[in-house]
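Colleague: Got a minute to go through this one with me? I'd like to know what stands behind the labels you put on it.

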Amino acid sequence: MTVTSKGEHTELFDYDAELRLHNEHFRAAARVGPGDRVLDVGCGTGQSTREAARAAVNGSALGIDVSARMLERARRLSDVQGLTNVTYQQADAQAHRFPPARFDLCVSRFGAMFFADPVAAFTNIGRALRPGARLVLLVWQDRDRNEWASTLSPIRATPSPAPFSLADPSTTKGILTAAGFTEVDFTDVHEPVYYGPDTATALDNVLHLAELKDLLTAPGAAKTGRARARLRTTLAAHATDDGVYFDSRAWLITARH
């Protein structure tokens, strides 16, 4: 199981630990103001939502995600941390009926790449933003620029292209422009992703990734054993004195509505 900083065990993959270096760039770019009303799209277990709520001392933060399990954990952590200006809702941001012109800022840390119709999704999100509101996204660059994807992909059964759907700046700018956003800007973020302090812990952690879990936890299959061995070898090759890291590149995208 993944172990949180509080010592709590969870079957959910710890994306907050994986993305801890990326999150510093994301938080700085978000620049949440004390009175901001913040919408966090694809909030997962809510780290970015809680950080927004803490900064928006006179405002609020709403986290939205399709995963009930992640939102359950997000609510629990918010309660433990005593945050009273944060809420969560299970919904698909592409179709959810948000209050019109409600939010001053929309953020999404690797949660905006999975829409079936991205123009429709960002148009819908735009309706929830007041005129002049800001959009701050963190998305993956191309697969071949992300070692965690290109190195682990031979182990995966059917690697998904979805995480890289906003990798091309020209395409993504076209999507956001069509959805009513302006001043679209891209900043390169070059930081490694973190899987654990050592190979054994990293292996335990990555087995909670949805795309690997089913493949590598089925009992009795010879191919499962071989895949697990390859995964362990790959993780060991990326172990350092500071932990197991894989290189990655992301885009930090900012825009205005």
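Modeller: Here is how the labels follow from the values.

Modeller: Keep in mind that this is a predicted model. The protein chain has 10 helices and 12 strands, and buried residues make up 51% of its 257 residues.

Colleague: How do you know that the span of helix H4 agrees with its 13 residues?

Modeller: You multiply 1.5 Å by one less than the number of residues. For H4, residues 68-80, that gives an expected 18 Å, and the end C-alpha atoms are 18 Å apart, so the two agree.

Colleague: Which residues of H4 are buried?

Modeller: Met 70, Leu 71, Arg 73, Ala 74, Leu 77 and Ser 78. Looking down the axis of H4, you find these buried residues within an arc of 160°, so they line one face of the helix. Asp 79 and Val 80 are exposed, on the face turned away from the buried side. Just after H4 comes Gly 82, with a positive phi of about 70°.

Colleague: On to the rings. How many aromatic pairs does the count come to?

Modeller: Nine.

Colleague: And why is the pair of Phe 115 and Phe 122 called edge-to-face?

Modeller: Two checks. Ring centres have to lie within 6.5 Å to pair, and planes over 60 degrees apart count as edge-to-face. Phe 115 and Phe 122 have their centres 5.7 Å apart and their planes at 80°, so edge-to-face it is.

Colleague: What makes Phe 115 and Phe 122 buried?

Modeller: The cut-off for buried is under 20% relative accessible area. Phe 115 has 16%, so it counts as buried. Phe 122, at 2%, is buried as well.

Colleague: Why is the pair of Tyr 195 and Phe 246 called tilted, then?

Modeller: Its planes are 55° apart, with 5.4 Å centre to centre. Stacked needs under 30 degrees and edge-to-face over 60, so a pair in neither range is tilted.

Colleague: What does that pair tie together?

Modeller: Tyr 195 lies in strand S9 (residues 193-196) and Phe 246 in strand S11 (residues 243-246), so the pair ties together parts that are 51 residues apart in sequence. Both residues are buried, and with Phe 13 and Tyr 15 they form one aromatic cluster.

Colleague: How do you know that Arg 20 lies over the face of Tyr 194?

Modeller: The distance limit is 6 Å from CZ of Arg to the ring centre, along with an angle of within 35 degrees of the ring normal. Arg 20 lies over the face at 3.9 Å from the ring centre.

Colleague: Arg 249 and Arg 143: which is buried and which is partly exposed?

Modeller: Arg 249, in strand S12 (residues 249-256), has a relative accessible area of 16%, so it is buried. Arg 143 sits in the loop between strand S7 (129-140) and helix H6 (147-152). Its relative accessible area is 24%, so the label is partly exposed. The two are 106 residues apart in sequence and 9.1 Å apart in space, C-alpha to C-alpha.

Colleague: What does Arg 249 touch?

Modeller: Leaving out residues up to four places away in sequence, Arg 249 touches Trp 140, Gln 141, Arg 145, Asn 146, Asp 188, Val 189 and His 190. For the protein chain as a whole, residues 24 or more positions apart account for 76% of the contacts with a separation of 6 or more.

Notes
Residues numbered from 1 in each chain as written. Predicted model: local features only at pLDDT ≥ 70, side-chain atom pairs only at ≥ 80, totals over all residues. Heavy atoms only, no water. Helix = DSSP H or I, 4+ residues; strand = E, 2+ residues; numbered from the N terminus. Buried < 20%, exposed > 50% of the residue type's maximum accessible area, 1.4 Å probe, protein only. Arc of directions from axis to C-beta. Phe/Tyr/Trp six-rings, centres within 6.5 Å; stacked < 30°, edge-to-face > 60°. Contact = heavy atoms within 4.5 Å.
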